[in-house]
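Ready for a little practice in reading a protein structure? Keep the model open beside you and try each task before you read its solution.

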Amino acid sequence: MASVKKRKLDRGGGGSESGSSTPIAMSAFAARQQLWGVAATKAAAVFDKGTPESTTEDVTQSKQSETPSARSVAGRSSKRHAPEEPVSVEVKQTQGAGSEGEKRMSSSFTPRSESNGMPVRQYSSFKPNTKNLQKKAGGRLVLSTPEAERLVILGSYGIKVRQGEATIAGAILTASDDVQWVHAPRCHALPVLRTAEETVLELQPHPAAKGLRELAKLNPAFAKLWNENLHGADSTRSGETFQIIYTSEDLSKRSLLQELVSPAEWNKKLSGLVATNRKCAPVVFLCGPKSSGKSTFGRLIANRLMTDRGGSKNKPWSNVMVLDLDPGQPEYSPPGVISLTRITTPNLSPSFCHPSLTSEQGQIRAHAIASVTPAQDPAHFMDCVLDLFHHYRRGSDAKSPLIINTPGWIQGTGLDILTELITILCPTEVIYTSQDGPEETVSSLQSACSATNPPTLFSTLPSQPTEPPSSRTALHFRTMQTMSYFHLRHPPSQQRYPTWDPTPLTDLRPWRVRYAGTNRGFLGILCYDHQPAPELLAEAINGTVLALVKLEDRCAALRGLRPSLTDAYPDDPDVATGNDNHTPLPDPDMSGCSTSPPATISVTNDNTQDQQQRNQTSPCANGTTNNIPLIPLLPNPQGQTLSTTHSHTLGLVLVRGVDMSHNELQLLTPIPADTLAALGGEDVVLVAGRFDTPCWAYSEGLYLINHAAAAAPRKGRGNAFGSGSGSGSGGNGGEVVDDDDDEGEEGDEEEEDGDEDGEVVEAGGKRGSAVPWVEMLHGSQKRAVGSKVWRVRRDLGKG
């Protein structure tokens, strides 16, 4: 590309670098923020209640897990001590009339109990003393285990084995391995670290823990996940990013943990896959119902294949390929994207702790489904899958194992997709992670496996034990993954862990991408779903998430859209010749296409040239309105998609604003600058679809200001929203101005008027010229006379 530069904008989201006071059109974005503010404030109230995340039951507990634990060497209360007798755990699995694969567990404990009458739950078998646990500088711990032990650790940490052997989440670690970094939040099952006899290992604080934890200031979904909630936030300031959990006494009240469970059937299948003949790399196809453990089992397979050194003459695989086909809960990409990834190190963290990988980190290719489910366009989903699989077969990693993870859609069209994939991909083994049916699904999958040549091995495994109800739903986890993605800082090539920038997106400098003129930044907007009118496109995409797609061959990638383009411009000679400087389009017969059109992502610093281009009124793809060029929209009345063979997705972008006066889009994206610069003159298309609405982005500034106000309240003054906005103490019970409220509409107008002249206290204590995009109300503030906040009793309908 000609040039790629960033320009710093005012924190309020308006103005140019030259000091112009022209406001940027942010109305659509602000409207979305106000509409979604209610959901954001209610989310804060839900997570602040401290709902127990999960319970702890491990069906594979070793003898070491049944022994009592001792007190911690330092920082442990004198009232806390290990049980006088060993704790025995009896696990019973029963089949009830509940959800599929549900397993109910009952535990019996020794009479020893806490002061509140609850039994003491044993987590770690390691008994620390001055000989086997040493504290080093920088928060490091050195543990010596003469006998095999198990440890449950909450937080973020690194593992370095100095002597002996240890296992965690299926990975076998030895002294020859580098430091392995782990994120273990309480919203997911904690991996159990098991050591062999005569093992010495070192636990290190995670360098990226601070940035990840500070995301809780921007969204309550990230709150109460780590060890800082056990003994106060000061633990992270001293470098203690993790804590060994010995018993339930180490947890705060109403805090329970779920340990990572690997049933005996899972362990047997893992051992069989590792011992497979290396003449043919295994291709494992994982399918099953939702929340049955597909992703967990796939993670265990990959970790074991890369690290298992014993039990056979074969060496561990140097890398494992992962074909992630679940757009709703992806492992190495943001929601709405499926990918092919090369993994060279064990995966020891939840997906939101590595929401995206660059090509240097292992991503081979990715496609945007533009939806969190394949149901939106099954045909396009199949095209994307086949293209990714063909890249695996044609690439240099064709001799590496491949793990295929599929969505939890196992009936109807979802079952048809699974059976078709098995028939086409011909995996070496299909694993169905449920032993409870449905019978129709199992029989169809077995028939598809029998029809392949050679026949594919089909096996079933029990689902992972059902976790108890959690305050976080699938939507919350998608929100966490997407938010983590947009706050991601891609590390240097030598750094093996990502970092995060906890700055609100409104305070980040966006890319200013021109959509009109001779130096346009992209070919156009392509909508996979709803087709808006060209004059309404700016309002439709403002404040939404789009996919940034690179066209490898412009003519071939747009071949399916060609009839729509020619029908839309039958009398435009530029469309037929493809020589229009403002709207480069392929010619009708595909013979004169150029693979290097002049459209690039670039922003010039030449103010004179900027002014000349702003003064131009040349027509663009959608014509002009009052001599103002519209954002180019690629006509797509038939709902066609880009060719997956000749295009791929680089990442996602968030439309922060639309500057109609400068003919620019303001985009936020974690895609590295060198990746954008490497685009050169190749085409770029922004794809709109059914991505989740980023309501979390509209309220980040509000949560940050309320967090600062709660941490340092000021006497005699209101909070950052003014005297009429309540106390601003964390957002419990707060509400956002509703469009149906007359008084709320007045508040909205006042807020918009304050975009230029308003003044607020920012999180760091500085004064800025911006106001929050959403306003939090408490109780009956700004409501009509006689109205009130309704409270619903939980026992409605009973009796």
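A residue is called buried when its relative accessible area is under 20%, and exposed when that value is over 50%. Bear in mind that you are looking at a predicted model.

**Exercise 1. Check the length of helix α9, then find its buried side.**

Step 1. Start with the length. Helix α9 covers residues 439–451, which makes 13 residues. At 1.5 Å a residue, a span of 18 Å is expected, and the end C-alpha atoms are indeed 18 Å apart, so the two values agree.

Step 2. Now list the buried residues: in α9 these are Thr-441, Val-442, Leu-445, Ala-448 and Cys-449.

Step 3. Why do these residues lie on the same side of α9? Their directions cover an arc of only 130° around the axis, and that puts them on one side of the helix.

Step 4. Turn to the face that points away from the buried side of α9: there you meet the exposed residues Glu-439, Glu-440, Ser-450 and Ala-451.

Step 5. What covers the buried residues of α9? The cover includes β10 (283–287), α8 (413–425), β15 (429–432) and β16 (457–460).

**Exercise 2. Describe strand β24 and its two partners.**

Step 1. Look at burial first. Strand β24 spans residues 647–659, and twelve of its 13 residues are buried.

Step 2. Take the partner β21 (residues 545–551). It pairs with β24 in the antiparallel sense over seven bridges. Two pairs to find on screen are Lys-550 with His-648 and Ala-547 with Leu-652.

Step 3. Go on to β25 (residues 664–668), which runs antiparallel to β24 and is joined to it by five bridges. Here Gly-657 has Gln-666 as its bridge partner.

Step 4. How many residues lie between β24 and β25 in their hairpin? There are four, and Asn-663 in the turn has a positive phi of about 55°.

**Exercise 3. Place β24 in its sheet.**

Step 1. Write down the strand order: β19-β25-β24-β21-β26-β20, an open sheet of six strands with mixed pairing.

Step 2. Which strands stand at the edges? They are β19 (511–514) and β20 (524–527); each has a single partner strand, so one side of each is left without a neighbour in the sheet.

Step 3. Add the twist, which averages 45° from one strand to the next.

Step 4. Finish with the helix that packs on the sheet. Helix α10 (residues 474–486) touches β21, β24 and β25, and its direction makes about 85° with that of β24.

Definitions and conventions: Residues numbered from 1 in each chain as written. Predicted model: local features only at pLDDT ≥ 70, side-chain atom pairs only at ≥ 80, totals over all residues. Heavy atoms only, no water. Expected span 1.5 Å × (residues − 1). Buried < 20%, exposed > 50% of the residue type's maximum accessible area, 1.4 Å probe, protein only. Arc of directions from axis to C-beta. Contact = heavy atoms within 4.5 Å. Pairing = 2+ DSSP bridges. Axes fitted to C-alpha atoms, helices over the stretch in contact; angles between N-to-C directions.
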